[in-house]
Number of protein chains: 2
Amino acid sequence: MTRPTSRDVATAAGVSQATVSLVLGDKWPGRVSERTATHVRETATRLGYRPNLAARNLRLGTTRTALLVVPALTNEFFARVYTGAARVAAEHGFGVVLYPSPDGTGPARDPFASARAALDGVIASSMAADALDAIGGNTLPLVMLDSDPAAGTAAAHVNLAMADGMRQITEHLLALGHRRFLHLASAVDSWTFDTRAEALTALLGPGTELRTVRSPLTVDGARTALEAALAAPQDRPTAVVCDDDILAAGACKAARRLGLRIPEDLSITGFDDLALATAVEPELTTVHLPAERVGEQGMTALLAVLEGTPWTAPDLPVRLVVRDSSGPAPTA
Amino acid sequence: MTRPTSRDVATAAGVSQATVSLVLGDKWPGRVSERTATHVRETATRLGYRPNLAARNLRLGTTRTALLVVPALTNEFFARVYTGAARVAAEHGFGVVLYPSPDGTGPARDPFASARAALDGVIASSMAADALDAIGGNTLPLVMLDSDPAAGTAAAHVNLAMADGMRQITEHLLALGHRRFLHLASAVDSWTFDTRAEALTALLGPGTELRTVRSPLTVDGARTALEAALAAPQDRPTAVVCDDDILAAGACKAARRLGLRIPEDLSITGFDDLALATAVEPELTTVHLPAERVGEQGMTALLAVLEGTPWTAPDLPVRLVVRDSSGPAPTA
DNA sequence: TAAGCCAAGTAATACGTATAACGTCAGGCC
DNA sequence: GGCCTGACGTTATACGTATTACTTGGCTTA
C-alpha cells in the first residue's frame, strides 16, 4: 500500500539495504557483482521503487535546488529567465524553485514556507530585491541578476549591457534626426531602470530635449500616461524611448488615439524584445535582451559559487533590432 | 560556521531539543511555560536558527509541495495558472514546483530529478499530458486541467467551459451576419483544442461554410498559415475564429498584409484574453478565460484529494469579450 | 601452508526533526 | 500522610537514505 523503501527492495531481492543503495547509486563500480546488481535493479523496478528525496536530501545535506526570485512570471522576460535557469540546472541535476515576489497577487512572504524544498542557493532579480530581506536569503549563496555590482553581498552578478543598449537606441534615433525625446520610464524602482535612464541622459548632448514620464508596467498604464503627456501639441517630442516593450505597446496605442502616425509623426522604441514586440503593429524597434542567457548564466554562476569557485563574467551583450516603429524625425 | 540545528538552540538555551521543537512547532499550547518558550524563541532568533526542511519532510512524511506540469511558462496563460495555484498553495502552507514539459527548450525529462523536492501531488495540464508518463506521476494524486473527464486516472478534473465559449463566439459572429468561417486551429494536439473544434463544427448550421487551418502556436506561424489560406480572393471567409489570442494576433498581421481591413473586411476572434489581446490593434474580440482561477481550483482540488475528500466542481464559466476585431460581415 | 589480498557483501551509523512515552515535582484533597 | 492530578520537561525513537567500516570466503603468492 505504502511506497516501497530501499529496505523493501532489499528484502524482496534477498540482499541488504546497503547493497540496494550501492547498486542504485551507480557510483561505486565494482562494489557489487553485475549479477546481483541487475537482480536488484529488476526488483526495484518491479516494486516501482522511487527513492525518498527528503531522506536523501537529509543524508546528503544538499538538495541540489535553487530558488529563483523574480517579480512576476506573467512578465515574459522572467518566464524566459526561468526557462534558461531551469535548463542549465537540469543539466547538472539541479532543480529550480520559483519565488515570484509579492506584488499583491503572488504567494505569501516566506519562500521557505512556500517552497518546502530546502535550498542550496538563491538567484534573485534586482527588481525583486526587497523580497530578499524577507527571505533571509543572505544566509545562502546569492547570485544577483541586473543589480549594482558594487552594492550588496551577492557572491556573483549577472548583468546585461543595459547602458550600451540605450546607447544603440539613442544613436539610432539621433541619426534619424530626432532631437526632442520623451523617456517613458517604468515606475518600478530598480537599478536596471536607473541605469537605462542615466545612460539616456548622458547620451543626449546639447541641442536636445528630454522629458521623463513614469508609468506602471502595463499597456494601459502606459497609454494613459503618454496620452496625457502628449496632449499639448506644441513642442511635442518626436521620439518616445520606452523602458520596456509593454510600455511601448501602450505608447503606440496612445499615439494612435491622438491621431499620430508611427513612425511618420512619432517614433517609438521598446526594450526587451518580447514576443509582444512583433505581435503589435507596427513591429517595434527595440533592444533584444538574451533573457534565457541571463537565466543560464545565473544558474552557471550559482553552480560555480556552490563549488567555491569565484565567478565573474562580462555584461551580456544586447542588440538593437530596428523594425517599423522608428523612422526619420518629422521635418515640420 | 555551519547552520545551527535545533539541538544547538537547545544547548544554548539550556533545554532539551524536544522542548525547542515543541516551542517552535507552536502546536501544543500549554506544553511549555511561557517563560521558557520566550527564552527559547529568543535564543533561536539570536542564533539565526532555521529548521532543516529535509529533516522535517522526512519526519513528517510529507513535503506540502505540489508539482505543476505545464507546456510552457512563456505562455502567459500558464504563467497565470501558476500564479493562481501558488497563491492558494501558499495560503495552506504548500509550495508549487514547476515542470515545464519538454518542448525542446524545457529542462530534462525527470521532474523528480529536476525538482529535487519530494512531492505530495501533481497538477497537470492536458497540453502536457504526454509528460506525465515520463513522470510516473500516476503514482501520485493527480489533478488534471482541461482534460477529458471520462478518460485517465486523475483524482479530480478542473475544466473550463470551452464549448460554451465557442458557442458565444459563434453566435456573436452569426448574429453579425457571417456565414463563411475559417477556423485557425492550434497544431498542438490536445483535448482542449479538440473540444473547441467540435463545438464550432456543431454550431455552424446549414448555409454556412467552414475551413480549418492548423498552425503552430506562434504569431509568425499563424501569419504565414493564414496568409497562404487567404491568398485566393474568391470565396474568402469573412470571419476567422482562432484557437488562441496568439494565433489571432498573427491572423491580424496576415490580414493587414493582404490589405484587408479589420473588422470591415474580415472579423477575427481570439481565445484566452491574454494581455496581448488588448495590446494589439485593433483590440481583440476574444473569450476571457479565468486562468488564475484554473490554478486556484486545481490546487484546491489537489488539497481536497490529499485529504481524501473527493472533489468535483462544474466547469469554470468563460465570457465573450467583444472588442474591435469583430464586426458585421461585409455585404458585397 | 601460512600470510596476504581481493571481491562481494553486510552491519552500523548519522543526517535533524517531531512526537509518543515517560519522569518529576508541587499542590490539593480526603 | 498518602494519593491523585496537572504542569512542565526530558528521553528515546523513527523517518529512509548514503557511506564508512567491517566480515567473510576464496584465491594468490612466497
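A residue counts as near a DNA strand if one of its heavy atoms lies within 4 Å of that strand. With this in mind, the surface around DNA strand C can be described in the present model, which is predicted.

In chain A, the UniProt record, an unreviewed entry, lists residues 4-60 as "domain: HTH lacI-type". This span is 68% helix and 0% strand, and its end C-alpha atoms lie 20 Å apart.

DNA strand C is surrounded by 26 residues, and the closest come from both chains: A:Thr19, A:Arg31, A:Thr36, B:Tyr49 and B:Arg59. Of the atoms of DNA strand C that come within 4 Å of the protein, 59% belong to sugar and phosphate. By residue type, the surface near the strand divides into nine nonpolar, ten polar and seven charged residues.

Helices of both chains take part in this surface. Chain A offers helix H2 (17-25) and helix H4 (53-60), while chain B offers helix H1 (6-13), helix H2 (17-25) and helix H4 (53-60); each of these supplies at least two residues. The top contributor is H4(B), with four residues.

A few individual contacts help to fill in the picture. A:Arg31, one of the closest residues, reaches a base: an N or O atom of its side chain is 2.4 Å from a base oxygen of DNA strand C. Two residues of chain B meet phosphate oxygens instead. For B:Ser6, a polar backbone atom is 2.5 Å from a phosphate oxygen of the strand. For B:Arg56, the partner of the phosphate oxygen is a polar side-chain atom, at 2.9 Å.

Conventions:
Residues numbered from 1 in each chain as written. Chains lettered and ligands numbered in written order. Predicted model: local features only at pLDDT ≥ 70, side-chain atom pairs only at ≥ 80, totals over all residues. Heavy atoms only, no water. UniProt positions renumbered as here; feature names shortened; annotations may be inferred. Polar contact = N/O pair within 3.5 Å; in protein donor to acceptor, adjacent residues only side chain to side chain. Nonpolar A, V, L, I, M, F, W, Y, C, P; charged D, E, K, R; others polar.
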